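Visitor: I'd like to walk through this model and hear the reasoning behind each label. Could you show it to me?

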Amino acid sequence: MELLAYRLGTLSPGRVLNYLSPMLNSFPLMRASSLCMQYSTGSARVDALKNVDLEIAAGERVAVTGPSGCGKTTLLLLLAGLERPTGGSIHVEGKPLSEMGPDALADFRRDRIGIVFQSFHLVPSLAALENVALPLEIAGARDARVRAKAMLEKVGLSERGQHYPSQLSGGEQQRVAIARAFATRPDILFADEPTGNLDSETGASIVDQLFGLNAQQHTTLILITHDSQLASRCSRRLQLRQGQLLEAQQ
Ligand code: ADP
Ligand code: MG
């Protein structure tokens with residue numbers, strides 16, 4: 001009991017919920033049911049996702065693999081609440097994302113989701129420190145700059161806080177993006193081919209930082225990757241082919 005109290009005392013409120021959720025209810029962190037996404041451009045239609053069913057438990061590290069065009073990024077956009085599916089549903093701790101209006105969905109993304117993109121997506125007009133502080137400022141944190149500094153230090157870039165993205169290498173930009181994604185201590189971190197634009201040595205150090213922060217913060221990780229070595233560091237692997245999951249998920 002003391003150990004539980006100690007652990008809860010050291011965790012953020014979101015993480016406390018993660019920790020307690022298996023005891024409080026039987027809902028998985030995320031559940032997608034018959035998830036479909038159809039893109040229509042003129043007369044052309046693409047079924048990017050076809051009846052995808054999956055469950056992700058709090059604290060899991062899930063790799064999503066599959067060839068280019070099979071629907072990986074689409075799945076991320078839907079699970080992260082950035083796009084609405086054209087069919088099926090997504091539940092987060094039993095609550096349907098579809099019932100959230102635009103404001104509630106924006107709050108969900110701000111409070112619970114972090115994303116690392118293949119092409120970094122830093123704000124070019126903001127220095128590294130400002131990029132990391134931005135989501136904290138949006139979330140109303142008074143100590144945004146202090147926390148951003150601490151995050152930059154964790155990814156080994158405390159000397160580069162005043163540098164703009166164009167003054168940083170690809171690997172450094174991705175480290176800033178990782179610091180930014182973890183700064184708000186999200187419950188769920190998505191990474192979309194985070195090493196795709198980097199050489200293998202730089203990619204390996206990026207991955208170490210990603211997994212290191214993931215372990216420190218007890219974040220649920222959903223990692224899209226072509227790299228099967230990287231996928232093998234996750235606790236589970238989902239394989240997509242032409243919009244469908246290859247294996248039945250529990
Ligand atoms: P992956 O990330 O696995 O490479 P995507 O999820 O990006 O795959 O794309 C899945 C399919 O959906 C592809 O055929 C792609 O061309 C198509 N697609 C993705 N986004 C759009 C869009 N905004 N409009 C039309 N088609 C799209
Ligand atoms: Mg993609």
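Guide: Sure, and keep in mind that this is a predicted model. Let's start with the largest nonpolar core: among its 37 residues, Val132, Leu152, Val176, Ile178, Leu210 and Leu223 touch the most other members.

Visitor: What makes that set a nonpolar core?

Guide: The label needs buried residues of the listed kinds, such as Val, Leu and Ile, joined through side-chain atoms within 4.5 Å. As background, nonpolar side chains in soluble globular proteins tend to be buried together.

Visitor: Which elements supply at least two residues of this core?

Guide: Those are α5 (128-138), α6 (144-154), α7 (170-183), β7 (188-192), α8 (200-217), β8 (220-224) and α9 (228-231). The largest share, seven residues, comes from α7. A second, separate core has 33 residues, including Leu29, Leu49, Val52 and Leu240.

Visitor: What does Val176 touch, beyond its neighbours within four places in sequence?

Guide: Val176 is in contact with Leu122, Ala128, Asn131, Val132, Leu152, Leu157 and Leu168.

Visitor: Now the helix pairs. Why is α6 called oblique to α7?

Guide: Their axes are 9 Å apart and the packing angle is about 130 degrees. Roughly perpendicular stops at 115 and roughly antiparallel starts over 145, so α6 ends up oblique to α7. The crossing of these two, α6 and α7, is right-handed.

Visitor: Which residues meet where α6 packs on α7?

Guide: From α6 you have Arg147, Met151 and Leu152, and from α7 Val176, Ala179, Phe182 and Ala183. By kind, the contact of α6 with α7 has six nonpolar residues, no polar ones and one charged.

Visitor: And why are α5 and α7 called roughly parallel?

Guide: Their axes cross at roughly 20 degrees and come within 8 Å. The cut-off for roughly parallel is under 35 degrees, so α5 and α7 earn that label. The crossing of α5 and α7 is right-handed too.

Visitor: Which residues of α5 and α7 meet?

Guide: On the α5 side, Ala128, Asn131, Val132, Pro135 and Leu136; on the α7 side, Val176, Ala179, Arg180 and Ala183. The contact of α5 with α7 divides into seven nonpolar residues, one polar and one charged.

Visitor: How do you know that Gln174 is buried?

Guide: Buried means under 20% relative accessible area, and Gln174 has 0%, so the label fits. Gln174 is found in helix α7. Leaving out residues up to four places away in sequence, Gln174 touches Val116, Phe117, Gln118, Phe120, Pro194, Leu198 and Ile206.

Visitor: Why does Ala144 count as buried?

Guide: Same test: the cut-off is under 20%, and Ala144 comes in at 4% relative accessibility, so buried it is. Ala144 lies in helix α6 and touches Ala133, Leu136 and Glu137, not counting residues up to four places away in sequence. Glu130 is 14 residues apart from Ala144 along the chain, and their C-alpha atoms are separated by 9.3 Å.

Visitor: Stepping back, how many helices and strands does the protein have?

Guide: Nine helices and ten strands. Of the 250 residues in the protein, 47% are buried.

Visitor: What share of contacts join residues at least 24 apart?

Guide: That's 69%, taken among contacts between residues at least 6 apart in sequence.

Definitions and conventions
Residues are numbered from 1 along each chain as its sequence is written. Chains are lettered from A and ligands numbered from 1 in the order in which they are written. This is a predicted model: local features need pLDDT of at least 70, side-chain atom pairs count only at pLDDT 80 or more; totals for chains, interfaces and linings use all residues. Side-chain values use heavy atoms; hydrogens and water are left out. Buried means under 20% relative accessible area, exposed over 50%, partly exposed in between (1.4 Å probe, protein chains only). Helices (H or I, at least four residues) and strands (E, at least two) are DSSP runs, numbered from the N terminus. Contact means heavy atoms within 4.5 Å. Axes are lines fitted to C-alpha atoms, for helices over the stretch in contact, and angles run from 0 to 180 degrees between N-to-C directions. Angles under 35 degrees count as roughly parallel, over 145 as roughly antiparallel, 65 to 115 as roughly perpendicular and the rest as oblique. A crossing is left-handed if the near helix is turned anticlockwise from the far one by less than a right angle, and right-handed if clockwise. Ala, Val, Leu, Ile, Met, Phe, Trp, Tyr, Cys and Pro count as nonpolar, Asp, Glu, Lys and Arg as charged, and the others, Gly among them, as polar.
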